[in-house]
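Open the model in your viewer and colour it by secondary structure. Keep the sequence panel beside it for this tour.

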Amino acid sequence: MSNKVPGKRATEKMSSDLSRLLEGQDFESEEDLKTYMDSLVGGKLPEPPPKTALEFAQDIIYDAWETESRKERIEFAKEALSVSPECADAYNILAEEAETLGEAKELYEKGMEAGRRALGEKIFKEDGGHFWGYTPTRPYMRSCAGLMECLWDLEERNEAINQAREMLRLNTGDNQGIRYLLIAYLAELGRYDELDKFMNKGRYKNDFIAEWHYTRALLVFVKEGNSRKANKALKTALESNKYVP
């Protein structure tokens with residue numbers, strides 16, 4: 001179950017540190033803010049002191065992401081949980097290192113519960129659709145994604161699809177690329193009407209990624225056979241990326 005943590009997560013610490021630094025400032029004008037930001041460009045951000053137990057725990061997670069040792073990652077995750085039981089990313093790391101799918105599923109569920117406690121119910125009611133842009137929501141969203149994939153692998157197909165749709169509701173910008181997994185899920189299950197509606201009538205109908213074009217071409221072929229429309233869709237897909245075939 002072990003997965004190498006993507007390097008891009010390291011940039012999240014910079015974003016979090018910057019947010020903490022800005023919270024501690026009192027700017028009288030936009031010019032003052034610009035001057036302060038310019039002073040940080042090109043240099044290493046000063047280390048802001050964590051203000052809460054959860055922030056301390058998340059800093060431990062940033063260290064965990066940097067290590068290549070499985071043993072150290074697990075130790076860091078357990079340490080983070082001892083500091084704050086609301087640290088969803090600690091559960092995410094433990095889930096990534098779990099030996100069975102069942103164990104991973106349980107840990108991702110605990111991560112979601114911890115993340116929801118940390119965020120509070122208000123944000124789910126008022127900011128649904130804009131998750132991920134607010135850095136503290138990301139651990140929760142990572143737990144959601146991990147659980148979704150576990151559900152699929154455990155053949156709990158409907159639950160996985162429902163999880164994907166809920167994630168897209170919370171974060172319509174879909175920074176995690178959940179929509180690409182969802183179209184694969186729907187296609188594999190032969191739920192072509194749902195797939196058609198999602199791809200061609202929803203928010204993402206103008207997606208230009210090759211995966212989208214090729215799935216659309218396959219969908220038209222399944223529904224209409226070797227038609228002019230299917231061949232046109234295939235041509236569009238080939239033009240988007242000729243290396244896929």
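Helices here are DSSP runs of H or I with at least four residues, numbered from the N terminus. This is a predicted model.

**The whole chain**

Show everything as a cartoon. The protein has 13 helices and 0 strands. From the N terminus on, the order of elements is α-α-α-α-α-α-α-α-α-α-α-α-α. Now colour by accessibility. Of the 245 residues, 42% count as buried. Take contacts with a sequence separation of 6 or more: 59% of them join residues 24 or more positions apart.

**Stop 1: Thr67**

Select Thr67, in the loop between H3 (53-66) and H4 (70-83). Is Thr67 buried or exposed? Its relative accessibility is 13%, so Thr67 counts as buried. Show side chains around it. Setting aside neighbours within four places in sequence, Thr67 contacts Glu72, Arg73 and Phe76.

**Stop 2: Arg138**

Jump to Arg138, in helix H8. Its relative accessibility is 17%, so Arg138 counts as buried, the cut-off being under 20%. Add Glu12 to the selection. The two residues are 126 apart along the chain, yet their C-alpha atoms are separated by 9.3 Å. Which residues does Arg138 contact, leaving out neighbours within four places in sequence? They are Glu12 and Trp132.

**Stop 3: two loops, two positive phi values**

Turn on backbone torsions. Most residues other than glycine have a negative phi. The next two residues have positive values.

Select Glu155 first. This residue sits in the loop between H8 (138-153) and H9 (157-170). Its phi is positive, about 65 degrees, although Glu155 is not a glycine. Glu155 is exposed, at 60% relative accessible area.

Then select Asp174, in the loop between H9 and H10. Phi of Asp174 is positive too, near 50 degrees, and this residue is also not a glycine. Is Asp174 buried or exposed? Relative accessibility is 6%, so Asp174 counts as buried.

**Stop 4: H10**

Select residues 178-188, which make up H10. Keep the buried ones as sticks: Ile178, Arg179, Tyr180, Leu182, Ile183, Tyr185 and Leu186. What do they pack against? The partners are H8, H9, H11 and H12. Step past the end of the helix. Gly190, just after H10, takes a positive phi of about 70 degrees.

**Stop 5: H10 against H11**

Add residues 192-201, helix H11. The axes of H10 and H11 are 8 Å apart, and the helices pack at an angle of about 155 degrees. An angle over 145 degrees counts as roughly antiparallel, so H10 is roughly antiparallel to H11. Their crossing is left-handed.

Show the contact residues. From H10 come Arg179, Leu182, Ile183, Leu186 and Ala187. From H11 come Tyr192, Glu194, Leu195, Phe198 and Met199. By class, this contact has 8 nonpolar, no polar and 2 charged residues.

**Stop 6: H11 against H12**

Hide H10 and add residues 210-224, helix H12. At what angle do H11 and H12 cross? Roughly 140 degrees, with the axes coming within 11 Å. H11 and H12 are therefore oblique to each other. H11 passes H12 in a left-handed crossing.

The H11 side of the contact is Tyr192, Asp193, Leu195, Asp196, Phe198, Met199 and Asn200. The H12 side is Trp212, Thr215, Arg216, Leu219, Val222 and Lys223. Colour these by class: 7 are nonpolar, 2 polar and 4 charged.

Compare the H11 residues at the two stops. Tyr192, Leu195, Phe198 and Met199 are in the contact with H10. Those four also appear in the contact with H12.

**Stop 7: along H12**

Keep H12 alone. The helix has 15 residues and reaches 21 Å from its first C-alpha to its last. That is close to the 21 Å expected at 1.5 Å a residue.

Which residues of H12 are buried? They are Ala210, Trp212, His213, Tyr214, Thr215, Arg216, Ala217, Leu219 and Val220. Bring back the surroundings. The cover over these buried residues includes H10, H11 and H13 (228-240).

End at Gly225, which follows H12. Its phi is positive, near 75 degrees.

Methods: Residues are numbered from 1 along each chain as its sequence is written. This is a predicted model: local features need pLDDT of at least 70, side-chain atom pairs count only at pLDDT 80 or more; totals for chains, interfaces and linings use all residues. Side-chain values use heavy atoms; hydrogens and water are left out. Axes are lines fitted to C-alpha atoms, for helices over the stretch in contact, and angles run from 0 to 180 degrees between N-to-C directions. Angles under 35 degrees count as roughly parallel, over 145 as roughly antiparallel, 65 to 115 as roughly perpendicular and the rest as oblique. A crossing is left-handed if the near helix is turned anticlockwise from the far one by less than a right angle, and right-handed if clockwise. Contact means heavy atoms within 4.5 Å. Ala, Val, Leu, Ile, Met, Phe, Trp, Tyr, Cys and Pro count as nonpolar, Asp, Glu, Lys and Arg as charged, and the others, Gly among them, as polar. Buried means under 20% relative accessible area, exposed over 50%, partly exposed in between (1.4 Å probe, protein chains only). The expected span of a helix is 1.5 Å times one less than its number of residues.
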